[in-house]
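This report examines aromatic ring pairs and the surroundings of one helix. The sequence and structure are shown below.

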Amino acid sequence: MTGSSPGSQRGTSAPVVRFAHESERRFARILDFYGVEWEYEPVEFALEWDRDGRPTTAFRPDFWLPQPGLFVEVTTLNQRLVTKKNGKIRRMTRLYPEVRVTILYQRDTLALLAKYGLAGGGLGQPLAARSA
């Protein structure tokens, strides 16, 4: 999925992005606010293969940012999931050293939203207007 989040696609024929988690939607709002081009889960990287060379484990980072050429994986607060994602990213960087990937923890996403006043319902509206 290329482009921007569902809220900015209203009235167009662009398909609606169905995020797996609220933290991904929040990150997309930040990217949209700053006009950063992104794609949602565009590529899957094989991490393990069976004897016949078929992938048995793979990793699909949440976002691709064409400029600066970076994959971003967004996490939740669930420590078990964070640990699992960290392991997949370590394995991916060993197997695909030419691919840039980073992990964005939910606390980082929430801090960005709060810092720039994007935590409410609408972007670009004063905080008071969003709470009404």
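## Aromatic pairs in the predicted model

Rings of Phe, Tyr and Trp, the last represented by its six-membered ring, are taken to pair if their centres lie within 6.5 Å. The model discussed here is predicted. It holds 10 aromatic pairs. One of them joins Phe-19 to Trp-38, with 6.0 Å from centre to centre and 35° between the planes, a tilted arrangement. This pair links distant parts of the chain: Phe-19 belongs to the loop between strand S1 (2-3) and helix H1 (22-33), while Trp-38 lies in strand S2 (residues 38-40), 19 residues apart.

Both partners are buried, as their accessibilities show. Phe-19 has a relative accessibility of 17% and counts as buried, because the term applies under 20%. Trp-38 is likewise buried, its relative accessible area being 0%.

## A second partner for Phe-19

Phe-19 also forms a tilted aromatic pair with Phe-63, with the centres 6.2 Å apart and the planes at 35°. Here too, distant parts of the chain are linked, since Phe-63 is in strand S5 (residues 63-65), 44 residues from Phe-19 in the loop between S1 and H1. Phe-63 is buried, at 0% relative accessibility.

Which residues are linked into a cluster by ring pairs? The cluster consists of Phe-19, Phe-27, Trp-38, Tyr-40 and Phe-63.

## The two faces of helix H3

Helix H3 spans residues 106-115, and its buried residues are Gln-106, Thr-109 and Leu-113. Viewed down the axis of H3, these buried residues fall within an arc of 65°, so they line one face of the helix. The elements that cover the buried residues of H3 include H1, strand S6 (70-74) and strand S7 (101-104).

On the face of H3 turned away from the buried side are the exposed residues Arg-107, Ala-114 and Lys-115.

## Arg-107 and the end of H3

Arg-107, one of the exposed residues on that face of H3, also takes part in a contact between a charge and a ring. Its charged end sits over the ring of Tyr-105, at 4.9 Å from the ring centre.

Just after H3, Gly-117 adopts a positive phi of about 70°.

Terms used
Residues are numbered from 1 along each chain as its sequence is written. This is a predicted model: local features need pLDDT of at least 70, side-chain atom pairs count only at pLDDT 80 or more; totals for chains, interfaces and linings use all residues. Side-chain values use heavy atoms; hydrogens and water are left out. Rings of Phe, Tyr and Trp (its six-membered ring) pair if their centres lie within 6.5 Å; planes under 30 degrees apart count as stacked, over 60 as edge-to-face and the rest as tilted. Helices (H or I, at least four residues) and strands (E, at least two) are DSSP runs, numbered from the N terminus. Buried means under 20% relative accessible area, exposed over 50%, partly exposed in between (1.4 Å probe, protein chains only). A charge sits over a ring if NZ of Lys or CZ of Arg is within 6 Å of the ring centre and within 35 degrees of the ring normal. The arc is that of the directions from the helix axis to the C-beta atoms. Contact means heavy atoms within 4.5 Å.
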